[in-house]
Amino acid sequence: IHIFARNESFSLGSFRGSTAGLDVNYSDNNNVEQFLGELFEASPRSVTLPDFEDKMIPFLAAIVEWTTIIHTTALPTQVDWCATLRQSGINPSNQFNLCNIADAHLIFFLPQNVSVTPFVTWSLQMLSFLLNRCNRKGGYYYATIRDTIIKAVSSIPLICKTILLINSDRDLERIT
């Protein structure tokens, strides 16, 4: 499933190929979901197994890369984040000192003109498809798979903030 999840051609609706002498056309998202469904049926736990290289479950790498790019490409420079905290009514000398967090500046930075790539949209849609499949299957086994996917996605730093900053209503509708 990791190889499938990293194949950007699927997200662009342009995958054509030949498998075992049969022509395969995954230009329709329904066909892609059908294929993912077959992979999932053959090995449900495979969607919870982290990749050897990046230690992420399938479909997560593109989303992590996207949120990182959104929050690091247009960062303001030379900002006194402790002063920003004080202006926000937060005392940096409190027990939980945000000034000592390496990425504290990301909490206050609001990127402009946030858009989502087709590959990230597709990755989110495939994760949603897998969650729906787990919900339909029911039972403890599929609930643990669902919970693993949810924990993995919700552990992406700034994911909620990034999604809320997407400018395009059309993009938001496609991923929610």
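Is Lys137 buried, partly exposed or exposed? In this predicted model, Lys137 is partly exposed, because its relative accessible area is 39%, a value that falls between the limits of 20% for buried and 50% for exposed. The residue lies in helix H7, and, when residues up to four places away in sequence are not counted, Lys137 touches Glu41 and Tyr142.

## Helix H4 and its buried face

Helix H4 covers residues 60-72, and its 13 residues should span 18 Å at 1.5 Å a residue, which agrees with the 18 Å between its end C-alpha atoms. The buried residues of H4 are Leu60, Ala62, Ile63, Trp66, Thr67, Ile70 and His71. Seen down the axis of H4, these buried residues fall within an arc of 165°, so they line one face of the helix. A general point about helices helps in reading this pattern: an α-helix has 3.6 residues a turn, so residues three or four places apart point the same way.

Two residues of this helix can be followed further through their contacts. Thr67, which is found in helix H4, has a relative accessible area of 3% and is therefore buried. Leaving aside residues up to four places away in sequence, Thr67 touches Ile156, Pro157, Ile159 and Thr162. Trp66, counted in the same manner, touches Val114, Ser115, Val116, Thr117, Val120, Ile159, Thr162, Ile163 and Ile166. Ile159 and Thr162 therefore appear in the contact lists of both Thr67 and Trp66, where contact means heavy atoms within 4.5 Å.

## The nonpolar core

In soluble globular proteins, nonpolar side chains tend to be buried together. In this model the largest nonpolar core has 35 residues, and of these Phe59, Trp66, Trp122 and Leu130 touch the most other members. Helices H1, H3, H4, H7 and H8 (139-154) each supply at least two residues of this core, while the largest share, 9 residues, comes from H7.

## Aromatic rings

A pair of aromatic rings is described by the distance of the centres and the angle of the planes. A search of the whole structure finds 7 aromatic pairs, and two of them, both involving Phe4, are set out in the table.

| Pair | Centre to centre | Angle between planes | Arrangement |
|---|---|---|---|
| Phe4 and Phe35 | 5.3 Å | 65° | edge-to-face |
| Phe4 and Trp122 | 5.5 Å | 65° | edge-to-face |

The pair of Phe4 and Phe35 links distant parts of the chain, since Phe4 is in helix H1 (residues 2-5) and Phe35 is in helix H3 (residues 29-42), 31 residues apart. Phe4 counts as buried at 6% relative accessibility, whereas Phe35, with a relative accessible area of 25%, is partly exposed. In the other pair, Phe4 lies in helix H1 and Trp122 in helix H7 (residues 118-137), so this pair ties together parts that are 118 residues apart in sequence. Trp122 is buried, with a relative accessible area of 2%. Phe4, Phe35, Phe59, Phe119 and Trp122 form one aromatic cluster.

## Two loop residues with positive phi

Which backbone angle is positive at Lys55, although Lys55 is not a glycine? The angle is phi, which has a value of about 65° at Lys55, a residue found in the loop between H3 and H4. At 59% relative accessibility, Lys55 counts as exposed. Asn113 also has a positive phi, of about 55°, although it is not a glycine, and the place of Asn113 is in the loop between helix H6 (104-108) and H7. At 64% relative accessibility, Asn113 counts as exposed.

## Cysteines

A disulfide is a covalent bond between the sulfur atoms of two cysteines. How many disulfides does a search of the whole structure find? The search finds 0 disulfides. As for the cysteines themselves, Cys134 is buried, with a relative accessible area of 2%, whereas Cys160 is exposed, with a relative accessible area of 52%.

Notes:
Residues are numbered from 1 along each chain as its sequence is written. This is a predicted model: local features need pLDDT of at least 70, side-chain atom pairs count only at pLDDT 80 or more; totals for chains, interfaces and linings use all residues. Side-chain values use heavy atoms; hydrogens and water are left out. A disulfide is a pair of cysteine sulfur atoms within 2.5 Å. Buried means under 20% relative accessible area, exposed over 50%, partly exposed in between (1.4 Å probe, protein chains only). Helices (H or I, at least four residues) and strands (E, at least two) are DSSP runs, numbered from the N terminus. The expected span of a helix is 1.5 Å times one less than its number of residues. The arc is that of the directions from the helix axis to the C-beta atoms. Rings of Phe, Tyr and Trp (its six-membered ring) pair if their centres lie within 6.5 Å; planes under 30 degrees apart count as stacked, over 60 as edge-to-face and the rest as tilted. A nonpolar core is a set of buried Ala, Val, Leu, Ile, Met, Phe, Trp, Tyr and Cys residues joined through side-chain atoms within 4.5 Å.
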